[in-house]
Amino acid sequence: MAMFKEYDYEKLPVVDIVNEMILDAAKKNASDIHFDPTPTVLNVRIRVDGELVHYATVPENVKNPLITRIKIISGMNITESRLPQDGAIKNVIEDDGLDLRVSSLPTVYGEKIVIRILDYSMSTEGLESLGFSEKNLPKVQKLIKEPNGIILITGATGTGKSTTVYSMLQILNTTERNIITVEDPVEMKLSGINQVQTMSEIGLTFANALRSILRQDPNVIMIGEIRDDETARIAVRASITGHLVLSTIHTNNSLNTIERLLDMDVERYLLGSALMGVISQRLVKKLCPKCRTSRPATPYEKNVFKQVLGLDITEIYTPVGCDECYQGYKGRIAIQEVLEINQNIRDAITNNIRKDELRKLVYDKENTITLLEDGLTKVIEGFTSFEEILRVIDIEDDLGNEDTEIKNALIGKNNLSTNETQNKINQESTIETL
């Protein structure tokens with residue numbers, strides 16, 4: 001699938017160019033459109049499957065009118081170019097189903113505009129569509145049936161946390177439940193759910209909104225993100241007084257989440273009784289089912305599969321590239337780590353057990369499938385590639401630091417062709433075995 005597109009900037013009106021760029025980016029399943037100013041032209045990039053690719057080059061004479069047009073339709077002040085602004089585009093272009101958020105940022109060469117294309121269609125398709133494994137899905141379904149407690153969805157920005165939270169809310173959204181959310185911003189409007197937009201400039205913070213929500217007789221509370229100590233403490237206390245609390249937090253995995261909450265001065269005895277489960281996730285690019293092909297596994301890859309999964313793998317899938325995908329990938333899939341808090345872990349949190357002992361309890365083989373294990377399983381099933389797993393997971397934590405050079409060779413695939421990368425991995429793996 002070709003990403004670059006040429007427009008007739010001399011004949012096409014700026015209004016049509018902007019509309020066509022947005023619609024074409026949406027058709028290419030882009031999540032963001034970046035308009036980057038330079039001294040002469042305006043470079044346009046789109047983020048497809050998590051990676052930015054060059055899309056168009058806008059000449060100097062069209063640069064300012066195009067930026068102005070975007071600011072007008074997103075409700076920004078076109079006379080202000082010195083301060084950052086936020087806006088939204090709705091009911092302006094022909095596809096009314098698009099939900100677009102716009103942000104402007106003044107740079108030395110002019111205003112940089114980013115349009116985020118929000119797509120929560122996955123949220124409406126249910127938890128089953130989010131890539132949970134056969135072992136993880138029942139655990140998540142069991143967690144959201146809990147009458148009270150706190151469930152946390154963790155991961156970096158852009159790892160699908162909001163999609164997972166909204167999917168859970170869709171299941172919980174019944175007439176019998178009073179569900180209230182506090183978000184910044186409200187990303188997806190849900191019928192039957194009371195959603196609160198925070199406005200810190202007038203004092204409506206997460207913490208202040210939460211205090212008021214607790215007087216609104218809620219059954220379920222969703223907090224967009226736990227950002228500070230006060231919000232964390234109120235959320236945990238709310239969860240032990242008969243409320244089910246869902247929230248997101250920026251941590252890497254289940255163990256880091258427990259440590260982060262303790263660092264936020266949440267009392268150990270409260271966290272031990274309140275925390276029900278942690279869902280950690282990453283997004284990896286999906287292999288195109290039309291053109292993917294299998295190749296022999298390298299000695300290093302065989303070693304990883306053997307150590308992590310206990311399996312002897314001889315072949316794995318690899319990207320190729322065709323007219324329906326971009327460089328062999330099409331779409332993204334989540335890899336997850338779902339931790340159910342059992343009594344042993346509760347006691348360990350409350351009693352301030354050593355970190356290495358807590359790790360053993362959290363990552364007990366019977367209790368938790370790690371992100372690496374889930375990712376490698378999806379490689380075997382042909383959903384993604386080995387290189388993608390190494391891109392998003394720090395494998396040295398699981399296998400030690402001695403494989404750093406090989407890992408770097410794999411990650412360096414952006415600077416090498418597929419064949420060159422494979423040859424480099426094979427050479428280094430051979431040296432290692434010698």
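How many bridges pair β5 with strand β6, and in which sense do the two run? Keep that in mind while you go through these notes on the model, which is a predicted one.

1. Here's the answer to the opener. β5 and β6 (residues 110–118) pair in the antiparallel sense, over nine bridges. To see one of the matches, find Val102: its bridge partner in β6 is Ile115. The link between β5 and β6 is a hairpin made through two residues.

2. Now look at what else β5 pairs with. Strand β4 (residues 85–89) runs antiparallel to β5 (residues 99–107), and five bridges join them. Pick out Ala88 here, since its bridge partner in β5 is Arg101.

3. Next comes an open sheet of seven strands. Reading across, the order is β9-β8-β10-β11-β7-β12-β15, and the pairing is mixed. At the edges sit β9 (194–197) and β15, each of which pairs on one side only. Neighbouring strands in this sheet are turned by 15° against each other on average, if you ignore direction.

4. Stay with the β12 and β15 end for a moment. These two strands pair in the antiparallel sense, with ten bridges between them. Leu287 has Tyr329 as its bridge partner in β15. Tyr329 turns up again in another role: Lys285 lies over the face of its ring, 4.6 Å from the ring centre.

5. A helix lies across this sheet too. α5 crosses β7, β8 (179–183), β9, β10 (220–223), β11 (244–249) and β12. Compared with β11, α5 runs at about 170°.

6. Which residues of helix α4 are buried? In α4 (residues 136–143) they are Asn136, Leu137, Lys139, Val140 and Leu143. They sit on the same side of α4 because they cover an arc of only 160° around the axis. It helps to recall that an α-helix has 3.6 residues a turn, so residues three or four places apart point the same way. And what covers these buried residues? The elements include β7 (149–154), α5 (161–172), β12 (275–287), β15 (329–340) and α13 (371–380).

7. On to the aromatic rings. A search of the whole structure finds four aromatic pairs. In one of them, Tyr7 and Tyr9 have ring centres 6.1 Å apart and planes at 55°, so this pair is tilted. Tyr7 is buried, with a relative accessible area of 9%, and Tyr9 also counts as buried, at 13%. Ring pairs link Tyr7, Tyr9 and Tyr55 into a cluster.

8. Another aromatic pair is worth finding on screen. Tyr300 and Phe386 are edge-to-face, at 6.2 Å centre to centre with 85° between the planes. This pair links distant parts of the chain: Tyr300 is in helix α10 (residues 299–309) and Phe386 is in helix α14 (residues 386–392), 86 residues apart. Are these two buried or exposed? Tyr300 is buried, at a relative accessible area of 1%, and Phe386 counts as buried at 1% as well. The cut-off you need for that is under 20%.

9. One last spot to check is a charge over a ring. Arg292 lies over the face of Tyr317, at 4.4 Å from the ring centre.

Notes:
Residues are numbered from 1 along each chain as its sequence is written. This is a predicted model: local features need pLDDT of at least 70, side-chain atom pairs count only at pLDDT 80 or more; totals for chains, interfaces and linings use all residues. Side-chain values use heavy atoms; hydrogens and water are left out. Buried means under 20% relative accessible area, exposed over 50%, partly exposed in between (1.4 Å probe, protein chains only). Helices (H or I, at least four residues) and strands (E, at least two) are DSSP runs, numbered from the N terminus. The arc is that of the directions from the helix axis to the C-beta atoms. Contact means heavy atoms within 4.5 Å. Two strands pair if DSSP finds at least two bridges between them. Rings of Phe, Tyr and Trp (its six-membered ring) pair if their centres lie within 6.5 Å; planes under 30 degrees apart count as stacked, over 60 as edge-to-face and the rest as tilted. A charge sits over a ring if NZ of Lys or CZ of Arg is within 6 Å of the ring centre and within 35 degrees of the ring normal. Axes are lines fitted to C-alpha atoms, for helices over the stretch in contact, and angles run from 0 to 180 degrees between N-to-C directions.
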